[in-house]
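Please prepare a briefing on the pockets, the surface and the charged pairs of the protein shown here. The account should be suited to reading beside the sequence and the model.

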Amino acid sequence: MKIRHLEEFDHKDLHNIYSFTEVMANTSQLPFLSSSQVSNLFSASNQYTLVAEVDGKVVGHVTLFLTDKVRDKHTASIAIAVHPESHGQGVGKALMHEAINQADNWLNLVRVELEVHADNLSAKALYEKVGFETEGIKRLSTFKSGRYIDMVIMSRISPAHGMNT
């Protein structure tokens, strides 16, 4: 597996990943995104996207969403998706480890945050394994499969900075 920066020619593989119901069900997007809609998700200048490539095919991505807000430049949100055929093969873990490496050592980030569907137990377990902690619950905050569900708010603070409360 090779982790590298997203290239324009990767958008076809990303569209393929987002064509799976089980992937879309755990995002904030609607199903059946067009290829241009998927491409637009990863085209902003304040995003830092890495992909996992296996045998010349992108099987997952992780994106750090940076901000232009002066007082929040130390913070980024993170999103990840892995092709269903690659679930359980360490792709998500490798992507998260490299995103954290980039955040801590190259992007000068102190805080990385995310929201995850409360029923996505495997994703929550992965995030905890790589150092994310639960901060709270957004009750009934998203609509999924015909019902409202909770979102779990999680974050990771760079060990170099620690908690300063």
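The points below treat pockets, a surface patch and salt bridges in turn.

The model is a predicted one. Its largest pocket has a volume of about 1,200 Å³, and the second largest holds about 230 Å³ of space. The structure also contains eight salt bridges, and a nonpolar patch of about 240 Å² lies on its surface.

**Largest pocket**

- The lining of the largest pocket consists of 40 residues.
- Nearest the centre of this pocket lie Asn 26, Ala 79, Ile 80, Ala 81 and Tyr 127.
- Helices α2 (21-24), α4 (91-105) and α5 (121-129) each supply at least two residues of the lining.
- Strands β3 (57-65), β4 (75-82), β5 (111-117) and β7 (147-157) likewise each supply at least two residues.
- Sorted by class, the lining of the largest pocket comprises 18 nonpolar, 16 polar and six charged residues.

**Second largest pocket**

- The second largest pocket, with about 230 Å³ of space, is lined by 13 residues.
- Met 24, Ala 25, Gln 29, Pro 31 and Phe 143 are the lining residues closest to the centre of the second largest pocket.
- Two or more lining residues come from each of α2 and β6 (133-144).
- Strand β6 gives the most to this lining, with three residues.
- By class, the lining of the second largest pocket has five nonpolar residues, seven polar residues and one charged residue.

**Nonpolar surface patch**

- Met 1, Ile 3 and Val 54 make up the nonpolar surface patch of about 240 Å².
- Val 54 belongs to strand β2 (residues 47-54).
- The relative accessible area of Val 54 is 33%, so this residue counts as partly exposed.

**Salt bridges: Arg 4, Asp 10 and Glu 53**

- Side chains of opposite charge can pair when their charged atoms come close.
- Asp 10 and Arg 4 form a salt bridge in which the closest N and O atoms are 2.7 Å apart.
- Asp 10 is buried, because its relative accessibility is 2%, and Arg 4 is buried at 14%.
- A network of salt bridges links Arg 4, Asp 10 and Glu 53.

**Salt bridge: Arg 156 and Asp 104**

- In the salt bridge between Arg 156 and Asp 104, the closest N and O atoms are 2.8 Å apart.
- This pair links distant parts of the chain, with Arg 156 in strand β7 and Asp 104 in helix α4, 52 residues apart.
- Arg 156 has a relative accessibility of 9% and is therefore buried, whereas Asp 104, with a relative accessible area of 26%, is partly exposed.

**Salt bridge: Asp 119 and Arg 147**

- Asp 119 forms a salt bridge with Arg 147, and their closest N and O atoms are 4.0 Å apart.
- Asp 119 lies in the loop between β5 and α5 and Arg 147 in strand β7, so this salt bridge ties together parts that are 28 residues apart in sequence.
- Asp 119 is partly exposed, with a relative accessibility of 39%.
- Arg 147 is partly exposed as well, with a relative accessible area of 46%.

Conventions:
Residues are numbered from 1 along each chain as its sequence is written. This is a predicted model: local features need pLDDT of at least 70, side-chain atom pairs count only at pLDDT 80 or more; totals for chains, interfaces and linings use all residues. Side-chain values use heavy atoms; hydrogens and water are left out. On a 1 Å grid over the protein atoms alone, a cavity is a set of points where a 1.4 Å probe fits but cannot get out, and a pocket is an open set with protein on both sides within 12 Å along at least five of seven lines; lining residues have an atom within 4 Å of a point. Grid points are joined across faces, edges and corners, and a volume is the space filled by probe spheres set on the points. Helices (H or I, at least four residues) and strands (E, at least two) are DSSP runs, numbered from the N terminus. Ala, Val, Leu, Ile, Met, Phe, Trp, Tyr, Cys and Pro count as nonpolar, Asp, Glu, Lys and Arg as charged, and the others, Gly among them, as polar. Patches are made of residues with over 30% relative accessible area and no salt bridge: like charges are joined within 9 Å, nonpolar side chains (Val, Leu, Ile, Met, Phe, Trp, Tyr) within 5 Å. Accessible areas come from the Shrake-Rupley method with a 1.4 Å probe; for residues, only the protein chains shown count as cover. A salt bridge is a side-chain nitrogen of Lys or Arg within 4 Å of a carboxyl oxygen of Asp or Glu. Buried means under 20% relative accessible area, exposed over 50%, partly exposed in between (1.4 Å probe, protein chains only).
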